[in-house]
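Grab a pencil and work through these exercises with the structure open beside you. Each task comes with a worked solution.

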Amino acid sequence: MADSIGLAPELLLSRLDSDGGNAEVEHNLAQGNSYHLDAVPGIIFDGWVKVTELSQENLEKSSTGC
């Protein structure tokens, strides 16, 4: 699967085996929790506008602050 999206399979497997991604995952979880995200996908604009309805129309409206 990694190869089908342009990732070198050996590199991906070595990264997964090294357990080096845990800190990044924990950081992302903490950040999501700080914005009260309870599901994915979710988008935060400018660090304060939480968007959970991800239609193009709503994203465009949310990103302009209207």
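A residue is called buried when its relative accessible area is under 20%, and exposed when that value is over 50%. Keep in mind that the model is predicted.

**Exercise 1. Work out how much of the chain is buried, and how its surface is made up.**

Solution. Start with the cut-off: count as buried whatever falls under 20% relative accessible area. Buried residues then come to 9% of the 66 in the chain. Next, turn to the outside: the accessible surface is about 5,500 Å², and carbon and sulfur atoms account for 56% of it.

**Exercise 2. Compare the chain's radius of gyration with that of a compact globule.**

Solution. First get the reference value: for 66 residues, a compact globule would be near 11 Å. The chain itself has 16 Å. Then look at the C-alpha trace, which spans about 45 × 25 × 20 Å along its principal axes.

**Exercise 3. Lay out the secondary structure and say where confidence is highest and lowest.**

Solution. Count the elements: there are 3 helices and 2 strands. In sequence order they read α-α-β-β-α. Now add the confidence: the mean pLDDT is 79, with 95% of residues at 70 or more. H2 has the highest confidence, at 85, while strand E2 (residues 49-51) has the lowest, at a mean of 72.

**Exercise 4. Check the length of H2, then see what follows this helix.**

Solution. H2 has 13 residues, and at 1.5 Å a residue they should span 18 Å. The expected span takes one less than the number of residues, so don't multiply by the full count. The end C-alpha atoms of H2 are 18 Å apart, which agrees. After H2 comes His36, with a positive phi near 60 degrees. That's worth a second look, because most residues other than glycine have a negative phi. His36 is not a glycine, and its place is the loop between helix H2 (22-34) and strand E1 (43-45). With a relative accessible area of 61%, His36 is exposed.

**Exercise 5. Place Val40 and decide whether this residue is buried or exposed.**

Solution. Val40 also belongs to the loop between H2 and E1. Its relative accessibility is 78%, so Val40 counts as exposed. For a distance check, go to Thr52, 12 residues away along the chain: the C-alpha atoms of Val40 and Thr52 are separated by 8.2 Å.

**Exercise 6. Find which residues form the nonpolar surface patch.**

Solution. List the members: Ile5, Leu7, Leu12, Leu13 and Leu16. Together they have about 490 Å² of accessible area. Now zoom in on Leu16, in helix H1 (residues 9-18). Leu16 has 59% relative accessibility, so this residue counts as exposed.

Note on methods: Residues are numbered from 1 along each chain as its sequence is written. This is a predicted model: local features need pLDDT of at least 70, side-chain atom pairs count only at pLDDT 80 or more; totals for chains, interfaces and linings use all residues. Side-chain values use heavy atoms; hydrogens and water are left out. Helices (H or I, at least four residues) and strands (E, at least two) are DSSP runs, numbered from the N terminus. Buried means under 20% relative accessible area, exposed over 50%, partly exposed in between (1.4 Å probe, protein chains only). Patches are made of residues with over 30% relative accessible area and no salt bridge: like charges are joined within 9 Å, nonpolar side chains (Val, Leu, Ile, Met, Phe, Trp, Tyr) within 5 Å. Accessible areas come from the Shrake-Rupley method with a 1.4 Å probe; for residues, only the protein chains shown count as cover. A salt bridge is a side-chain nitrogen of Lys or Arg within 4 Å of a carboxyl oxygen of Asp or Glu. The radius of gyration is taken over C-alpha atoms; the globule rule is 2.2 Å times the number of residues to the power 0.38. pLDDT is the predictor's confidence in each residue, from 0 to 100.
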